[in-house]
Amino acid sequence: MSKAHVIGLGKSGVAAARLLKQGGWEVEIGDSGTSSVLLTQQQELAREQITVKLGYSLDLESSDLPELIIVSPGVPWDIPLLVKAREMGIETIGEMELAWRNLKSIPWVGITGTNGKTTTTSLIAAIFQSAGFYAPACGNIGYAACEVALDYGEHKLANRKLADNTHNTKTQTKHSLDWLVVEMSSYQIESSSTVAPKIGVWTTFTPDHLNRHKNLENYYNIKASLLKSSQLQIFNGDDPYLRKLGLVHWQNAYWTSIKGKEELVRNKGFYITDGWVYQVTENGDEPILEVSSLKMVGEHNLQNLLLAVGVARLAGIENNVIAHAVKEFPGVPHRLEHICNWQGIKFINDSKATNYDAAEVGLISVKSPLILIAGGEAKEGDDNAWLAKIKAKAAAVLLIGNAAPQFAQRLQEVGYSNYEIVETMENAVPRSAKLAQQLQAKAVLLSPACASFDSYRNFEERGNHFRKLCLTWQENS
């Protein structure tokens, strides 16, 4: 029996291990942690005959080496262990690559970008669902891709098609998988060399994850590799970096612009003018839907709308179906998510704003004056535009997490003094409510501009904690 080793006991790692086990592999998972949660998972997986080694790192000097190593997204691709494994000839791939190998007969939509990925992915999936397709969103959002493959791997798809034919039914059954809508981070792309989506989408590009990717060129090239392998490509033409390169590269791509047809990088794509989304076609420009159909606020969401509409049209979905799906789309949790109103003050969860650019968009999208809650695990990047927007819109700033002292210093340097270091979310929510009353602020905005790993497992957990504290405050006050 072939042996595989999975690095990391997160959602992706567990799904990969189960998929490999389903395929007849002998599987073990290694994780450096030893928490009680991991111990419980260890016991559960042991019942599935999957070995879990906690407080463990793979030993390449062992005589019992695996034939395959699966890397979870959070594990850097260039750590010495993985470099050595590849040099030794041990096949090393990411969880996303494993999913692709089991689902490559299904057309994929691959969505990447620094910001806007999750909203665009969710809206695409909603439109496809409205069109009658079973097209789950997965990857860097919701389910791990291997979780979908567990239910719809190649052998299962083949068996279901045989069953469908036997019963003389159409392939469109409740069991069919029509499309896969996959949000892909740079971490997932760099370890997935053969993933080739039917449609590739690039939402935005600004500096992020440079502590891992070293420089902007590496970060760009990783994301570009996904688009190069896609049959069709759609780019946000209003992104300055993508626009600049689009004038030279990406000759056959589709482009979008919220600024009108004249701003399209090439005369091929989707744009907004006079309150409508239009598609450039050979027979003249075709109106698709009114922009007012979209409930989400913010100019950035108009760009996300164009990308999602573009994907839907390339997939052959009718305009009326797209318009209905957009009108019904409620938005995305943790991205400018309205939590509650308390005494005329809106509490808004933007926990997914994990870098300066995303947090700046959050500030732009919410009416001022507002109380901002920011902080967490700081990232590299240019914070100047974000700080300028704080000065323009925030009546006060409450700082939490490891980044609090650093952010306090930066606020001082730009001449902003109305901030407090409150350390935790438990302190931030009641303090923000009281400050909002005192300063007549219209909203309390959690938009951290930071990763969450100093205090939470992920941005979802951080946002859920904020939501719970806000609702508790509303109820008790």
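Which residues of α14 are buried? That was my opening entry, and I found Y356, A358, A359, E360, G362, L363 and S365.

**Entry 1: the model itself.** I noted early on that this is a predicted model. I looked up its confidence and found a mean pLDDT of 90 for the protein, with 94% of its residues reaching 70 or more. I then checked where the confidence drops, and I marked residues 157-174, where pLDDT stays under 50. For that stretch I read off 17 contacts beyond four places in sequence.

**Entry 2: back to helix α14.** I went over the helix again, residues 356-365, and 7 of its 10 residues are buried, so I wrote it down as largely enclosed by the rest of the structure. What do the buried residues of α14 pack against? I listed helices α12 (299-314), α15 (384-393) and α16 (404-413), together with strands β17 (370-375) and β20 (443-446). I also looked at the start of α14, where a side-chain oxygen of N355 comes to within 3.3 Å of the backbone nitrogen of D357.

**Entry 3: cysteines.** How many disulfides does the structure hold? I counted 0. I took C146 as one example: C146 is in no disulfide, and the nearest cysteine sulfur, that of C138, is 9.4 Å away. A disulfide would need the two sulfur atoms within 2.5 Å. C146 has 0% relative accessibility, so I filed C146 as buried. C450 is in no disulfide either, and there the nearest cysteine sulfur belongs to C470, 18 Å away. I filed C450 as buried too, because its relative accessibility is 0%.

**Entry 4: aromatic rings.** I found 19 aromatic pairs in the structure. One of them joins F128 and F133, a tilted pair with 5.9 Å from centre to centre and 45° between the planes. Is F128 buried or exposed? With a relative accessible area of 0%, F128 is buried, whereas F133 is partly exposed at 23%.

I turned next to W342 and W473, which form an edge-to-face pair, 5.6 Å centre to centre and with 70° between the planes. W342 lies in strand β15 (residues 337-342) and W473 in helix α18 (residues 459-476), so this pair ties together parts that are 131 residues apart in sequence. I noted that both W342 and W473 are buried.

I also traced a cluster linked by ring pairs, and its members are W202, F205, Y219, Y220, F235, Y241, W250 and W255.

**Entry 5: charges over rings.** Where does R86 lie? I found R86 over the face of W77, at 4.3 Å from the ring centre. I made a similar note for K268, whose charged end sits over the ring of Y254, 4.5 Å from its centre.

**Entry 6: an aspartate in a loop.** I looked up D178 and placed it in the loop between α7 (154-166) and β8 (180-183). D178 has a relative accessible area of 17%, so I counted D178 as buried; the cut-off for buried is under 20%. Which backbone nitrogen lies 2.6 Å from a polar atom of the side chain of D178? I found that of Y134.

Technical notes
Residues are numbered from 1 along each chain as its sequence is written. This is a predicted model: local features need pLDDT of at least 70, side-chain atom pairs count only at pLDDT 80 or more; totals for chains, interfaces and linings use all residues. Side-chain values use heavy atoms; hydrogens and water are left out. Buried means under 20% relative accessible area, exposed over 50%, partly exposed in between (1.4 Å probe, protein chains only). pLDDT is the predictor's confidence in each residue, from 0 to 100. Contact means heavy atoms within 4.5 Å. Helices (H or I, at least four residues) and strands (E, at least two) are DSSP runs, numbered from the N terminus. A polar contact is a pair of N or O atoms within 3.5 Å; within protein, one must be able to donate a hydrogen and the other to accept it, and residues adjacent in sequence count only if both atoms are side-chain atoms. Rings of Phe, Tyr and Trp (its six-membered ring) pair if their centres lie within 6.5 Å; planes under 30 degrees apart count as stacked, over 60 as edge-to-face and the rest as tilted. A charge sits over a ring if NZ of Lys or CZ of Arg is within 6 Å of the ring centre and within 35 degrees of the ring normal.
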